[in-house]
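Thank you all for coming; please have a look at the structure on the screen before I begin, and then we will go through a pair of helices and after that the cavities.

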Amino acid sequence: MTSTLAELAQDQPQSVADDIALRLEKLTELSVALSANRDIPHLLESILRTAKSITRADGGTLYGVTPDGKHLSFDISINDTLNMYQGGKSGRKIEIAPLSLYREDGEPNLDAVAAYAANTRKSVNIADVYKADSFNFSGMRRFDDQFKYHSQSFLTVPMQDHEGELVGVLQLINARNAASGALQPFSQTDQRFIEALASQAAIAITNQLLIVRLETLFESFIKLINMGIDEKSAHTGRHCEHVPELAMLLAEATHNTTEGPLASFTMTEKDRRELWTAGLLHDCGKIATPVHIVEKSTKLETIYDRIHTIDLRFDIMKRDAEIEMLRAQMALGPNADPAQLAALEQQYQDKVQALEDDRDAVRLANVGSERMAPELQAYIPEIAQQQWRGTDGTMQPLLTPDEVTNLTIRAGTLNDKDREIINNHIVVTIKMLEALPWPKHLARVPEYAGGHHEKMDGKGYPKGLRGDQMSVQARMMAIADIFEALTANDRPYKRGNTLSEALQILGGFKERNHIDPDLFDVFVRSKAYLPYAQQFMNPSQLDEVDESKIPGYVP
């Protein structure tokens, strides 16, 4: 179409040829703008304004197609004479009901000119609407009466993509003479230019909508992964939602920093999207972690909590103690000394009480904590040495070596083997993310997501990277991951720390060279944690923070 227009310019007088060449230039500029613009409202506005400029139209409307494909919606409307500007980037909503593409009987609506163009895929060029009787212009006449306006020439062009799918309708009103400004009909040249513009615009809009839909699909895929993790563990699911929130708060604070080692750090909108995506996916590998490890709320829990098995052994030992007492009493005969009987009874009661005390100790040890009491940790092996009679009649230790190992876990509920299994989630995460064909603007997602368990001193996992081998964003993820875990109040094995406690513990990580000291300083100094705390932490956790008590931080 564009080449035809160029040929047309060669066959015209110089003034007309110059005018056509100018229009071609505007059309070319729009084509370039369409290919570079991802903001759909801005895209629509550029299309309409260029169409008005090319045809010298006084006004114009760009209709979109509603998701159900049954109506045309008013996306943007501009009228120079009335100083009217609605929709598009104006922020002013067009208060006009969508135009139906079908009548009540289901047949195509061919009465309204825009609906006719949409249904027939044909352009409509009307020199004077008040002299036309082919369409219903009652709405236009009401508009003219209300705003003291005079509508005359109309050019309505359907916008369809390369597959013939309707994208929208472009309608222009009241072409003006270049010299006098008087109203005039839209010429055939005008129509051909607008048809060329509509074709290019439709493809550009389709491409942008396709990008939006693909991004929406991708985000939905991420949510699907987190939903799968959430089905395994509601605790981990919330973690996957909260870490990106914290990471973005820290990133924004770092972006706004004007002093110190991070003063030159900046982030574009693409950088922000990349970090946000990494935050959402940083634990996606947990989808492969066994449920009983993710949800291990007590130290003895596997498929079930083995504390109940140990309880049964204590009950058996109490039963055997009672049987032993009764046999001893029977051995004394019918004339037994009451004092001897009472002594046997007391010995039995003392043994039962000792067993109950030991059982309470085992139950207490089974509950995960941030730090198990050393004396309890030392006492569990002593309890284990007691004997109970198994179902086969043989005497066995009260606690197996595996049970002792689990019950003496110093912090949390995971033993070394469990920890190895759950730590493997980051290896799986990296494998999953590196297997995806990331576009250029998201290419660093695997690195950001895969680095949140690395440490500045190189003693983290899975790769043992030092701080200087990691990006700033990966180091941000580490701080966000730790702080979320410290403050989370939904973990099955611990309470959520208060704000001041969490910052003090985080300061300890900084002093041990586990997290980036400069990012830690920004995190505390900017109070980047506060919006997160106010939104996601329990109000009971929001205590006063005395920054002078935070290790490794100088107020």
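At what angle, roughly, do the axes of helix α11 and helix α12 cross? Please keep in mind that what you see is a predicted model. In this model the axes of α11, which covers residues 338-366, and of α12, which covers residues 374-384, come within 10 Å and cross at roughly 125°. Because angles from 65 to 115 degrees count as roughly perpendicular and those over 145 as roughly antiparallel, α11 is therefore oblique to α12. The crossing of these two helices, α11 and α12, is left-handed.

Let us turn to the residues that meet there. From α11 we have Asp358, Ala361, Val362, Leu364 and Ala365, and on the side of α12 they meet Leu376, Tyr379, Ile380 and Ile383. When the residues of this contact between α11 and α12 are divided by class, eight are nonpolar, one is charged and none is polar.

Now to the cavities. The count comes to two cavities of 30 Å³ or more, and the largest has a volume of about 70 Å³. Ten residues line the largest cavity, and the closest to its centre are Arg238, His242, Ala488, Asn489 and Phe536. The elements that give two or more residues to this lining are α7, α16 and α19, and by class the lining of the largest cavity has four nonpolar, three polar and three charged residues.

The second largest cavity holds about 30 Å³ of space, and its lining includes Glu454, Lys455, Met470 and His514. By class, the lining of the second largest cavity has five nonpolar, one polar and four charged residues.

Definitions and conventions:
Residues are numbered from 1 along each chain as its sequence is written. This is a predicted model: local features need pLDDT of at least 70, side-chain atom pairs count only at pLDDT 80 or more; totals for chains, interfaces and linings use all residues. Side-chain values use heavy atoms; hydrogens and water are left out. On a 1 Å grid over the protein atoms alone, a cavity is a set of points where a 1.4 Å probe fits but cannot get out, and a pocket is an open set with protein on both sides within 12 Å along at least five of seven lines; lining residues have an atom within 4 Å of a point. Grid points are joined across faces, edges and corners, and a volume is the space filled by probe spheres set on the points. Helices (H or I, at least four residues) and strands (E, at least two) are DSSP runs, numbered from the N terminus. Ala, Val, Leu, Ile, Met, Phe, Trp, Tyr, Cys and Pro count as nonpolar, Asp, Glu, Lys and Arg as charged, and the others, Gly among them, as polar. Axes are lines fitted to C-alpha atoms, for helices over the stretch in contact, and angles run from 0 to 180 degrees between N-to-C directions. Angles under 35 degrees count as roughly parallel, over 145 as roughly antiparallel, 65 to 115 as roughly perpendicular and the rest as oblique. A crossing is left-handed if the near helix is turned anticlockwise from the far one by less than a right angle, and right-handed if clockwise. Contact means heavy atoms within 4.5 Å.
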